[in-house]
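Okay, thanks for coming, everyone. I'll put the structure up and walk through it piece by piece, so have it open in front of you.

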Amino acid sequence: MVTGAGGAIGLHMLAHIFHNTDWYVVAVDSFRPEHKGYHDRITEVCREHPEWKQRLLVVAHNLCSPFTERQIQKFGKIDYIINLASRSDVQASVDDPVPFVRDNTELMLTMLEYARVAKPEVFLHFSTDEVYGPDAKNGTGHPEWDTVLPSNPYSASKAAQEALAIAWWRTYRVPLIITNTMNNFGETQSPSKFPAMIQQKVENDEAITVHASNGEIGTRYYLHSRNAADAVLFILKNVTPHVHQFGEMDRPIRLNIVGDRQVSNLELVHTIAKLMGKEAKVELVDYHSNNPGHDLHYGLDGSKLKSLGWEPPLTFEESLKNTIEWTQEHPEWR
C-alpha cells in the first residue's frame with residue numbers, strides 16, 4: 001500500500017515499484033485540492049505501461065477517516081505500507097495551521113490503526129528533515145535521532161506523526177521504520193515547490209525571489225523523488241524492523257535518505273537556468289529574519305544508510321537535467 005500515491009513523490013514511488021518488482025499495489029489518495037494529489041499523475045505512470053494497471057488498485061479515500069471493513073477486505077493481504085500521505089506546504093501551515101495539523105495527525109492515526117489490523121511486514125513512515133529544525137552547523141547534517149525541534153506547524157505535525165508511530169511501535173508492535181529526507185523534486189512537481197517554480201519563471205523570463213537573511217543564502221539538500229523511491233525499496237528489501245521487547249530496545253529503526261550534496265538556493269537557480277540555456281533574473285529578499293517559522297539551512301547525515309549499501313542511482317545534476325527536459329516536453333505539467 002502506498003498512501004499519497006497521487007502526489008509528486010507518490011508518482012515516482014509507484015513507477016519505481018512497478019519497474020523493479022512484481023508487486024501488486026494499493027494506491028490511496030484523497031485527490032482533494034488541498035492535499036495536492038492528482039489522479040492524472042497515476043494515469044501518467046501507466047501511460048507507457050498499460051499492463052501495470054493489472055497490478056494497481058486505486059482507492060480515493062480521505063485518510064482523516066478510517067477505512068471501512070469492506071475496504072479492508074478489498075485490499076487483501078498487505079505486506080508493506082509506505083506512508084507518504086501528508087500535507088507538506090510550510091507556508092500553507094503557517095497561514096492556516098489548525099486544519100493542517102489536524103489533517104496530518106488524523107491521517108497518521110488512521111494508518112496506524114489500519115496497520116494494527118493489516119499486520120504488514122513493514123510500516124515505513126516517510127518523514128522530513130524539517131522535524132529537526134535548521135541545520136545550524138550548515139554542511140554537517142542532523143544524524144538519526146538528533147533532537148527534534150520543529151520550527152513551524154508543518155514540521156511540528158510531522159514530528160507528531162513520528163511520535164504517534166513510535167508509540168504504536170512500542171504499545172502495539174507495529175513494525176515501524178521511519179525515514180527522514182529533504183526537499184524532493186521531480187517530474188510533475190507542483191510549481192509551488194521551489195525547483196519547479198524556478199523552471200517556470202526562467203521559462204517566462206520572470207524574476208526569481210531567493211530568500212536570504214543578512215546576506216546569507218539559504219541552503220538545502222535536494223533529492224529526486226525517483227532516488228527517494230529507490231532508497232525506500234532498498235530499505236524494504238534489506239532492513240528488518242525492530243520488534244519492541246520490554247527492556248531490550250528503546251526505539252525503532254530510523255534512516256536518513258540524503259542527496260549527494262548540499263546546494264544554496266542561489267546555486268539552484270543558476271544551475272536550472274544553465275541547464276535550460278538561459279540567464280536567470282534573481283532578487284535577493286531578506287525573508288527568514290521576518291518569518292521565524294522558515295529555516296535558512298536544512299541538512300541530514302546520510303552515512304548510516306550509505307553504510308548499509310545504498311547510493312543514489314543518479315546524481316543531483318543528472319536528475320535535475322532529466323526533470324527539466326521532461327517538463328519542457330510536457331508543458332501541461334508546468
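In which sense, parallel or antiparallel, do strand 10 and strand 12 pair, and over how many bridges? This is a predicted model, by the way, so keep that in mind throughout. They pair in the antiparallel sense, over three bridges, with strand 12 covering residues 262–264. If you want a spot to click on, threonine 219 stands opposite serine 264 in strand 12.

Let's stay on strand 10 for a moment. Strand 10 also has strand 7 beside it: three bridges join these two, and here the strands run parallel. Asparagine 184 has leucine 223 in strand 10 as its bridge partner. And how covered is strand 10? Mostly covered, with six of its six residues buried. That goes for both faces: Thr219, Tyr221 and Leu223 sit on one side, Arg220, Tyr222 and His224 on the other, and all are buried. Yes, Arg220 is on that buried list.

Now strand 6, residues 176–181. Again six of six residues are buried. On one side you have Leu176, Ile178 and Asn180, on the other Ile177, Thr179 and Thr181, so to speak a covered front and a covered back. Strand 6 pairs with strand 5 in the parallel sense over six bridges, and phenylalanine 123 has leucine 176 as its bridge partner. Strand 6 is also joined to strand 11 by five bridges, running parallel. There, threonine 181 stands opposite isoleucine 257.

That isoleucine brings me to the nonpolar cores. Ile257 is among the residues with the most contacts inside the largest core, along with Val2, Leu14, Ile82 and Ile235. That core has 43 residues. Several elements supply at least two residues each, including helix 1, helix 2, strand 5, strand 10 and strand 11. The largest share comes from helix 8, with eight residues. Apart from this core lies another one, of 26 residues, and Val59, Phe67, Ala165 and Val174 are among them.

On to helix packing. Helix 1 and helix 2 both feed the largest core, and they pack on each other at about 25°, axes 9 Å apart. An angle under 35 degrees counts as roughly parallel, so that is what we call helix 1 and helix 2. The crossing is right-handed. From helix 1 you get Ala8, Leu11, Leu14, Ala15 and Phe18, and they meet Arg41, Ile42, Glu44 and Val45 in helix 2. Notice that Leu14 shows up here and in the list of best-connected core residues, those with the most contacts.

The other pair I'd like you to look at is helix 9 with helix 11, residues 316–329. Their angle is about 55° and their axes are 10 Å apart, so these helices are oblique to each other. This crossing is right-handed too. The contact uses Leu268, Thr271, Ile272 and Leu275 from helix 9, and Phe316, Glu317, Leu320, Lys321 and Ile324 from helix 11. Of the helix 9 residues, Leu268, Thr271 and Ile272 are among those that are buried, as are Asn265, Val269 and Ala273. Just after helix 9 comes glycine 277, with a positive phi near 75°.

What else does helix 9 touch? There is an open sheet of three strands, order 9-8-13, with mixed pairing. Strand 9 and strand 13 stand at the edges with a single partner strand each, so one side of each has no neighbour in the sheet. Strand 8 and strand 9 pair in the antiparallel sense over two bridges, and alanine 212 has isoleucine 217 as its bridge partner in strand 9. Helix 9 packs on this sheet, touching strand 8, strand 9 and strand 13, and its direction makes about 160° with that of strand 8.

Last item: backbone oddities. Most residues other than glycine have a negative phi. Arginine 173 is not a glycine, yet its phi is positive, about 60°. Threonine 188 does a similar thing, with phi near 70°. Arginine 173 is in the loop between helix 6 and strand 6, and threonine 188 is in the loop between strand 7 and helix 7. Which of them is buried, and which partly exposed? Threonine 188 is the buried one, at 3% relative accessible area, whereas arginine 173, at 47%, counts as partly exposed.

That's my tour. Over to you.

Key
Residues numbered from 1 in each chain as written. Predicted model: local features only at pLDDT ≥ 70, side-chain atom pairs only at ≥ 80, totals over all residues. Heavy atoms only, no water. Helix = DSSP H or I, 4+ residues; strand = E, 2+ residues; numbered from the N terminus. Buried < 20%, exposed > 50% of the residue type's maximum accessible area, 1.4 Å probe, protein only. Core = buried A, V, L, I, M, F, W, Y, C linked by side-chain atoms within 4.5 Å. Pairing = 2+ DSSP bridges. Contact = heavy atoms within 4.5 Å. Axes fitted to C-alpha atoms, helices over the stretch in contact; angles between N-to-C directions. Parallel < 35°, antiparallel > 145°, perpendicular 65-115°, else oblique. Left-handed = near helix turned anticlockwise from the far one by under 90°.
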